[in-house]
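Grab the viewer and work through these exercises with the model open. Each one gives you a task and then walks through a solution.

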Amino acid sequence: MTALWVSIKDLPSHVEETVVIRGWLYNLRSSGKIHFLQLRDGSGTVQGVMVKKEVSEDLFAAAKGLWLEASVEVTGTVRKDERAPSGVELSVTDLRVFQNPSEEYPIGKKDHGIDFLLDHRHLWLRSSRQQAIMRIRDRVIRSAREYLQENGFLLIDSPIISGAAGEGVSGLFEIDYFDSKAYLAQTGQLYAEAAAAAFGKVYCFGPTFRAEKSKTRRHLTEFWMLEPEVAFYDHKDNMALQEGLICHIVAKVLEHCRTELASLERDVSKLENIKAPFYHLQYDEAIEMLHKLGSDTPYGDDLGNEDETILTQQFDRPVFIECYPKTVKAFYMKEHPDNPNLVLCDDLLAPEGYGEIIGGSQREDDYDRLIARIREQGLPEEPYEWYLDLRKFGTFVHSGFGMGIERVVAWISGLQHIREAIPWPRTIYRLKP
Ligand code: 4AD
Ligand code: MG
C-alpha cells in the first residue's frame, strides 16, 4: 500500500505514521552515516533524516548526489522532535527523484545584489523571506475582502482598458486600441462611483498602472489597488471606514502570520499598537509641523516622499492628512465648504516613515462644479460624459478611497522597498521576469 501524500504543514497530525511528501530539497548536510535533507513543499519545511544502515546503499548514495532544488518525493515516518521548529522530523525510508538539476542553483547562501535577485525573481520566490512576504500579502488581501464583505460591500470590478484618464494626464500608459488610443487604468474609481449609484456600497480590486518616472522605494508602475466607494458617505464617514479596514487587516495579519513576521524580524509591538483612533492633521497643520522638523516644502505644495517619511516618524499610529489644496489634487474631489482653495480629501500615512498607504476623498457631486474642474484642468470633456451623467441623474453625496496593496504589505512586513511586496515587480527599469 502506498503511503498517504501529506503537506508538510500537516505533518504534526501524523506522528508515527508513514507518509509521503513531495517538494524540493533546499539544503543537504551529511555526516557520512546520516544525511539531513531539508525539504520544503510550499506549505512548510521539515528535516528528513536518512540513516545509512536503514536504507539501501543505492538510495543513500543517490541522496548524497542531490543538488539543491532537486524535486523529490520522500517517504518516511513522522517523529516528534522538540528541537524542530515544526515539532516533527521525518525518518526517511524511501526517496524518488523527479529531477536532479544538472547545474548549481544560482541563488546560493552568499549575499547577492538586489539586481541579481530581481533578475532571478522566478527562483527568488522560493526563499523563506519571499515566502513570508507573499503569505502576508495573501492575508492582507483576504482580510480586506473579508472586512468589506462583512460590512455589506459588493465587489464590482472596473475595466483595465479605458478611454480616459482617471487621475490626471501625466502618468498614463497609452496603448494602441485598433484604430484609436486607449489607456491602462490608473484607478477604477470613476467606475466604482457609477456602481455606488447602482449598489450603494461597492469596491473594486485590481491592477492599476502609473507611467510616472518615480524611482523611489514606494513606487511601482503596476500595483494593486482596493477601491471602496460608498453612497451617502461624507469625508468623515470615509475616514472612519479607512480606519476600520486598516485595523482589521493588521489584526488579521497578527492573528495568522506570526511565524512570517518573526522570520522577517518585524517588531510586532509596533503593529499591536495599530488601533483606532488614528491621528488627524489638517494639511496646514502638517505643513507647519514639517517646517518645525526642517522641511522647506512651501504651503500649497503636495507633500514629498521625504516629508511623509519625517512626518510619520513622529507618530506611532497611522495619521490622516486632511484637506489638501485643490491645485495638488485630482479634479473629482469635492471643494471644501469653508474654503474654496481646499478639497475634502485625506491621505492616510503609515507610521515608522512608511508614508501614504491610502488616498481618498469625498467626490464632487455638483454637475456645474465638476465640469468646471474638468475644464480648469484642461481635460477633454467627451470621455467624461458618462461620469457627468452621475451628477445629472440622482446625484448623491459619496466618498471613497484607494488602498495600495503593496504599500500596506511593505509597511506591515517592515520592508525597505516596495518591490518585494509584489510577486513580479514592474518599475521603470524592470519588465523581467
Ligand atoms: O492616491 P492615489 O493616486 O488615489 C487614487 O488613485 C484614487 N482614484 C483612489 C480612490 O479614491 N478610489 O492612489 C491610491 C493609493 C495610494 O495611497 C498608494 O497606496 C497607492 O494607491 N499607489 C501606489 N502604489 C505603488 N506604486 C505607485 N506608483 C502608486 N501610486 C499610488
Ligand atoms: Mg495619493
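**Exercise 1. Find the residues that lie nearest the centre of the largest cavity, then describe its lining.**

Bear in mind that you're looking at a predicted model.

Step 1. Head for Ser-162, Ala-164, Ala-165, Gly-166 and Tyr-191, which lie nearest the centre of the largest cavity, among the 15 residues that line it.

Step 2. Now look for the secondary structure around it: β10 (180-184) and α5 (189-199) are the elements that give two or more residues to this lining.

Step 3. Sort the lining by class, and you get eleven nonpolar, four polar and no charged residues.

Step 4. For the volume, the largest cavity holds about 110 Å³ of space.

**Exercise 2. How many cavities of 30 Å³ or more does a search of the whole structure find, and what lines the second largest?**

Step 1. The search turns up two cavities of that size. Why look with a probe at all? Because rolling one the size of a water molecule over the atoms shows where empty space is left.

Step 2. The second largest cavity comes in at about 90 Å³.

Step 3. Its lining includes Arg-217, Arg-218, Tyr-354, Glu-356 and Arg-407, along with Leu-415, Gln-416 and His-417.

Step 4. Two elements to highlight here are β18 (355-362) and α13 (405-413), each supplying at least two lining residues.

Step 5. By class, the lining of the second largest cavity has five nonpolar, two polar and four charged residues. Set that beside the largest cavity, whose lining has no charged residues.

**Exercise 3. Is Gly-400 buried or exposed, and which residues does it touch?**

Step 1. Locate Gly-400 in strand β19, which covers residues 398-404.

Step 2. Check the relative accessible area: at 1%, Gly-400 falls under the 20% cut-off, so it counts as buried.

Step 3. List the contacts, skipping residues up to four places away in sequence: Gly-400 touches Pro-228, Glu-229, Asn-238, Gly-360, Ser-361 and Arg-363.

Step 4. Finish with a long jump along the chain: Lys-201 is 199 residues from Gly-400 in sequence, yet their C-alpha atoms are 9.7 Å apart.

**Exercise 4. Work out which strands pair with β11 and why β11 is largely enclosed.**

Step 1. On one side of the list is β7 (residues 154-155), joined to β11 by two bridges and running parallel. Leu-154 has Val-202 as its bridge partner.

Step 2. The pairing with β12 (residues 222-231) is antiparallel and has nine bridges. Cys-204 stands opposite Glu-227 there.

Step 3. Count the burial: seven of the nine residues of β11 (residues 201-209) are buried, so the rest of the structure largely encloses this strand.

**Exercise 5. Trace the partners of β2, then place the two domains.**

Step 1. Start with β1 (residues 4-5), which pairs with β2 (residues 18-30) in the parallel sense over two bridges. Leu-4 sits opposite Val-19.

Step 2. Move to β5 (residues 71-80), which runs antiparallel to β2 with seven bridges; Thr-18 faces Thr-77 in this pairing.

Step 3. Next comes β3 (residues 34-40), antiparallel to β2 over six bridges, with Leu-25 opposite Leu-39. β2 and β3 form a hairpin with three residues between them, and Gly-32 in the turn has a positive phi of about 100 degrees.

Step 4. Zoom out: the chain is divided into domain 1 (4-99) and domain 2 (121-421), whose C-alpha centres lie 45 Å apart.

Key:
Residues are numbered from 1 along each chain as its sequence is written. Chains are lettered from A and ligands numbered from 1 in the order in which they are written. This is a predicted model: local features need pLDDT of at least 70, side-chain atom pairs count only at pLDDT 80 or more; totals for chains, interfaces and linings use all residues. Side-chain values use heavy atoms; hydrogens and water are left out. Domain bounds come from an automatic or database domain assignment. Helices (H or I, at least four residues) and strands (E, at least two) are DSSP runs, numbered from the N terminus. Buried means under 20% relative accessible area, exposed over 50%, partly exposed in between (1.4 Å probe, protein chains only). Contact means heavy atoms within 4.5 Å. On a 1 Å grid over the protein atoms alone, a cavity is a set of points where a 1.4 Å probe fits but cannot get out, and a pocket is an open set with protein on both sides within 12 Å along at least five of seven lines; lining residues have an atom within 4 Å of a point. Grid points are joined across faces, edges and corners, and a volume is the space filled by probe spheres set on the points. Ala, Val, Leu, Ile, Met, Phe, Trp, Tyr, Cys and Pro count as nonpolar, Asp, Glu, Lys and Arg as charged, and the others, Gly among them, as polar. Two strands pair if DSSP finds at least two bridges between them.
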